[in-house]
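Please find below my notes on the aromatic contacts, the charges over rings and the cysteines. They are meant to be read beside the structure.

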Amino acid sequence: IDTDWSLVFEPAHVVLRYAHAVQCYLQALVRNEHDAEEVAQEFFLWVSQNGLPRASQDRGRFRDYLKKVVRNKALNFLRDKGPRSFNTDLLKVPAPEDTRGIPDQEWLVHWRGCLLKRTWRRLEDYQAHSPKGRYHTVLLLCATYPGEDSASLVARAAAMEGSTMAADAFRKQVSRARRVFAELLVHEVAETIDKPSPSDVEEELTDLGLMRYVRDYLPIRRRV
């Protein structure tokens, strides 16, 4: 599974795919909502005009590169505000290699959120092109109502889609949906790593706290 680096260089792709993670990370770095929004707008404008010229296929994980770029934009903003702001607020901005600070934890949380959100969207697209498979519907119901039994979830599915499903068929759909979700998630993570090996992808899944969603389905088939 190879990273589509042509999309990494496409500004609109970067903004749409990672905007939420960037905005939340800037709020954690700058600590002022209005300042963070200003930095975010400047960053997105800069990306739209320049792309990401230093992104390359020998830099490993794209999220590490993007985090450094965003962090540098935050530092430049604080410098421009003046020495007083720089001396006080700059100390709150961790080095890129420092994974212990709250801002970096925020970055991982929201990066993970972006990956999961995109995986859910891809599962929805998968269902749209596979009419017999209601994977997105059944898995979303399980995630939304984790304490309910199959009969209750079947009733909810019927109310949502206007069609009925037997309880055993529902459970089979859930089992298959979990496998497809795992496949899509692994591919989504792999697309952020250059020339990913299975161990690279597994390490990234572990670092992001996503391994629990895919562990039972490894190794992932390459057909997706």
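1. Buried is used here for a residue with under 20% relative accessible area. By that cut-off Cys114 is buried, at a relative accessible area of 9%. Cys24 is buried too, with a value of 13%. The model is predicted, and the values that follow are computed from it.

2. Are there any cysteine pairs to discuss as bonds, and how many disulfides does a search of the whole structure find? The search returns zero. A disulfide is a covalent bond between the sulfur atoms of two cysteines. For Cys24, the closest cysteine sulfur belongs to Cys114 and lies 7.9 Å away, which is too far for a bond. Taken from the other side, Cys114 has its closest cysteine sulfur in Cys24, again at 7.9 Å and too far for a bond. The cut-off for a disulfide is 2.5 Å between the sulfur atoms.

3. Nine aromatic pairs come out of a search of the whole structure. In one of them, the ring centres of Tyr18 and Trp111 are 4.6 Å apart and the planes are at 0°, so the pair is stacked. Tyr18 belongs to helix H2 (residues 11-30) and Trp111 to helix H6 (residues 102-128), so this pair ties together parts that are 93 residues apart in sequence.

4. Both partners of that stacked pair are buried: Tyr18 has 4% relative accessibility, and Trp111 has a relative accessible area of 0%. Trp111 also pairs with Trp107; here the ring centres are 5.4 Å apart and the planes are at 40°, so the pair is tilted. Planes under 30 degrees apart would count as stacked and over 60 as edge-to-face.

5. Where do Trp107 and Trp111 lie relative to each other in the helix? Both are in helix H6, four residues apart, about one turn of the helix. Trp107 is buried as well, at a relative accessible area of 1%.

6. These rings belong to a wider group. Tyr18, Trp107 and Trp111 are among the members of one aromatic cluster, which also takes in Tyr25, Phe62 and Tyr65.

7. Two charges over rings should be noted. The charged end of Lys73 sits over the ring of Trp46, at 4.1 Å from the ring centre. For Arg156, the charged end sits over the ring of Tyr145, and the distance to the centre is 3.7 Å.

Key
Residues numbered from 1 in each chain as written. Predicted model: local features only at pLDDT ≥ 70, side-chain atom pairs only at ≥ 80, totals over all residues. Heavy atoms only, no water. Phe/Tyr/Trp six-rings, centres within 6.5 Å; stacked < 30°, edge-to-face > 60°. Helix = DSSP H or I, 4+ residues; strand = E, 2+ residues; numbered from the N terminus. Buried < 20%, exposed > 50% of the residue type's maximum accessible area, 1.4 Å probe, protein only. Lys NZ or Arg CZ within 6 Å of the ring centre and 35° of its normal.
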